[in-house]
Structures are given as structure tokens and as C-alpha cells.
Amino acid sequence: MNLKSNLKKLKNDEFSGKLILALILIVVIIGIIYQYYGQNEIENNKENTTGEVIEFLHKTNLDYAIIYEYFVEGKRYTNQIGISFFKCENGKKGCLGEKFTVYYSKKNPKFSKIDLGKYNEFQNTVDFTKILE
């Protein structure tokens with residue numbers, strides 16, 4: 001290989017790296033916008049119901065999540081939030097099987113957030129509506 005072809009390959013690799021980085025950035029921005037939209041939907045059209053923690057997930061060493069379900073007009077919905085590890089007073093991981101208030105958008109009930117009460121400090125999910133107030 002000569003110097004000219006090496007420079008061309010380097011430029012192509014550099015372009016590919018920048019393209020991949022730009023695509024990742026676009027996906028992250030779209031995810032943040034979607035999360036903000038969902039949280040805004042809840043704040044502007046807020047209703048509440050009782051939900052139940054139905055699953056505790058251990059994703060990685062320090063990454064956990066809970067899945068909760070709730071019903072709106074007879075229809076079942078589920079959602080997931082990231083948490084730090086915790087146990088309820090009854091010793092169950094992530095309060096599995098416990099009931100909490102769930103806030104949802106009456107316009108679009110798939111958008112929801114669970115109020116874990118005194119365990120809210122263990123949530124890892126960012127509430128953008130509070131940040132932008």
C-alpha cells in the first residue's frame with residue numbers, strides 16, 4: 001500500500017467513526033425527547049390509580065429495574081423504571097407484590113410513573129418536567 005491509499009483509508013475510517021457517533025447521539029436525543037413528551041403528557045393530563053410491582057430485574061452489577069402493572073378502564077398496562085437495589089420493610093426486593101399509586105396520562109394511559117412513596121429515593125429515572133420548571 002502506498003501513502004495515498006493509507007490516507008484515504010484513514011479518512012474513511014474517521015468518517016465512519018463520526019457517522020456512528022452522530023447516529024448514537026441522534027438516538028439518545030430522540031430517547032430524551034420521547035421521555036420528556038411522556039412525562040409532560042402525565043403532568044398535563046394526570047389521573048391516578050393503584051398499581052402493583054410485578055417483577056424485579058437485576059440487569060447488571062449495579063443496574064436494577066422494577067416492572068409494575070396498572071389498569072385503566074379495564075385495560076392492563078405495564079411500565080418499567082430503573083432503580084438502585086432496595087428491599088421493602090417486608091424484605092422483598094424492589095417491593096415485589098406491593099401496591100403503590102401510579103400516575104398516568106388520561107389521554108394516553110401508556111405514559112405513567114409510579115410513586116414508590118418512601119422508596120422513591122431509589123428510582124434512577126430522571127423526571128425532566130421537574131428539571132425544566
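**View 1. Contacts and overall make-up of the protein chain.** In this predicted model, residues 24 or more positions apart account for 56% of the contacts in the protein chain with a separation of 6 or more. The secondary structure comprises 2 helices and 5 strands. Read from the N terminus, the order of elements is α-β-β-β-β-β-α. Of the 133 residues in the protein chain, 27% are buried. The exposed area of the protein chain is about 9,300 Å², and carbon and sulfur atoms supply 57% of that area.

**View 2. Pairing of strand 1 with strand 4.** Strand 1 covers residues 46-60 and strand 4 covers residues 99-105. The two strands run antiparallel and are joined by 7 bridges. One residue pair to locate here is K46 with S105: S105, in strand 4, is the bridge partner of K46.

**View 3. Pairing of strand 4 with strand 5.** Strand 5 consists of residues 112-115 and runs antiparallel to strand 4, with 4 bridges between them. The bridge partner of Y103 in strand 5 is K113. The connection from strand 4 to strand 5 is a hairpin through 6 residues. Strand 4 thus appears in two pairings, with 7 bridges to strand 1 and 4 bridges to strand 5. As background for viewing the strands, side chains in a regular strand alternate between the two faces of the sheet.

**View 4. E73 in the loop between strand 2 and strand 3.** Strand 2 spans 63-72 and strand 3 spans 75-83, and E73 is found in the loop between them. The phi angle of E73 is near 50°, a positive value in a residue other than glycine. Is E73 buried or exposed? E73 counts as exposed because its relative accessible area is 82%, and the cut-off for exposed is over 50%.

**View 5. C95 in the loop between strand 3 and strand 4.** C95 lies in the loop that connects strand 3 and strand 4. The phi angle of C95 is near 60°, again a positive value in a residue other than glycine. C95 is classed as buried because its relative accessibility is 0%, where buried means under 20%. Both loop residues have positive phi, near 50° for E73 and near 60° for C95, but E73 is exposed whereas C95 is buried.

Terms used. Residues numbered from 1 in each chain as written. Predicted model: local features only at pLDDT ≥ 70, side-chain atom pairs only at ≥ 80, totals over all residues. Heavy atoms only, no water. Pairing = 2+ DSSP bridges. Buried < 20%, exposed > 50% of the residue type's maximum accessible area, 1.4 Å probe, protein only. Contact = heavy atoms within 4.5 Å. Areas by Shrake-Rupley, 256 points an atom, 1.4 Å probe, with all protein chains shown as cover.
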